[in-house]
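Work through the exercises below with the sequence and the coordinates open. Try each task before reading its solution.

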Amino acid sequence: TLENLDDLGQVFSYSYAYLSRLFTRENGTSMMRYILSKRMELAKSLIRNNENLNVQQIAEMAGYADGRYFSRLFKAYSGVSPSDYRSRTI
């Protein structure tokens, strides 16, 4: 399994820096921003469709071990906390 983006570089026998530049050139955004957006969109979907899941469970399902860190990232990304997002979408 891949533990981090450096592992991804090793799989393809390229450095992370090279893969990152290539990804940015092809997609118009960095790998980290892309991954963040995918995780946050997954979290939004989980919040909208699973009112029985708490923030910690959603954080873990989106790839974050720390629910508080996830909540800060979610708020920075979406402008509202996970609980406010839930109350607005349900």
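Four exercises follow, each with a worked solution, on a model that is predicted.

**Exercise 1. Fold and overall shape**

Task: State how many helices and strands the protein has, and give its radius of gyration beside that of a compact globule of 90 residues.

Solution:
- Start with the elements. The protein has six helices and zero strands.
- Read them from the N terminus. The order is α-α-α-α-α-α.
- Now take the radius of gyration. The protein has 15 Å, while a compact globule of 90 residues would have a value near 12 Å.
- Add the box. Along the principal axes, the C-alpha atoms fill roughly 45 × 25 × 20 Å.

**Exercise 2. Burial, surface and contacts**

Task: Find what share of the residues is buried and what share of the exposed area comes from carbon and sulfur atoms.

Solution:
- Apply the burial cut-off, under 20% relative accessible area. Of the 90 residues, 26% count as buried.
- Turn to the surface. About 6300 Å² is exposed, and carbon and sulfur atoms supply 50% of it.
- Finish with sequence range. Take the contacts between residues at least 6 apart in sequence: 40% of them join residues at least 24 apart.

**Exercise 3. The largest pocket**

Task: Identify the residues that line the largest pocket, and say which helix gives the most to this lining.

Solution:
- List the lining. Leu5, Met32, Ile35, Leu36, Arg39 and Tyr64 line the largest pocket.
- Assign the main contributor. Helix H3, residues 31-49, gives four residues, the most of any element.
- Sort by character. Five lining residues are nonpolar, none is polar and one is charged.
- Give the volume. The largest pocket holds about 170 Å³ of space.

**Exercise 4. Two residues compared**

Task: Classify Ser30 and Ala76 as buried, partly exposed or exposed.

Solution:
- Place Ser30. Ser30 sits in the loop between helix H2 (16-27) and H3.
- Classify Ser30. Its relative accessibility is 24%, so Ser30 counts as partly exposed.
- Check its contacts. Setting aside neighbours within four places in sequence, Ser30 touches Phe23 and Thr24.
- Check a distance. Ser30 and Asp6 are 24 residues apart in sequence, and their C-alpha atoms are 15 Å apart in space.
- Place Ala76. Ala76 belongs to helix H5, residues 67-78.
- Classify Ala76. Its relative accessible area is 67%, so Ala76 is exposed.
- Check a second distance. Ala76 and Leu46 lie 30 residues apart in sequence and 18 Å apart in space, C-alpha to C-alpha.

Conventions. Residues are numbered from 1 along each chain as its sequence is written. This is a predicted model: local features need pLDDT of at least 70, side-chain atom pairs count only at pLDDT 80 or more; totals for chains, interfaces and linings use all residues. Side-chain values use heavy atoms; hydrogens and water are left out. On a 1 Å grid over the protein atoms alone, a cavity is a set of points where a 1.4 Å probe fits but cannot get out, and a pocket is an open set with protein on both sides within 12 Å along at least five of seven lines; lining residues have an atom within 4 Å of a point. Grid points are joined across faces, edges and corners, and a volume is the space filled by probe spheres set on the points. Helices (H or I, at least four residues) and strands (E, at least two) are DSSP runs, numbered from the N terminus. Ala, Val, Leu, Ile, Met, Phe, Trp, Tyr, Cys and Pro count as nonpolar, Asp, Glu, Lys and Arg as charged, and the others, Gly among them, as polar. The radius of gyration is taken over C-alpha atoms; the globule rule is 2.2 Å times the number of residues to the power 0.38. Buried means under 20% relative accessible area, exposed over 50%, partly exposed in between (1.4 Å probe, protein chains only). Contact means heavy atoms within 4.5 Å. Accessible areas come from the Shrake-Rupley method with a 1.4 Å probe; for residues, only the protein chains shown count as cover.
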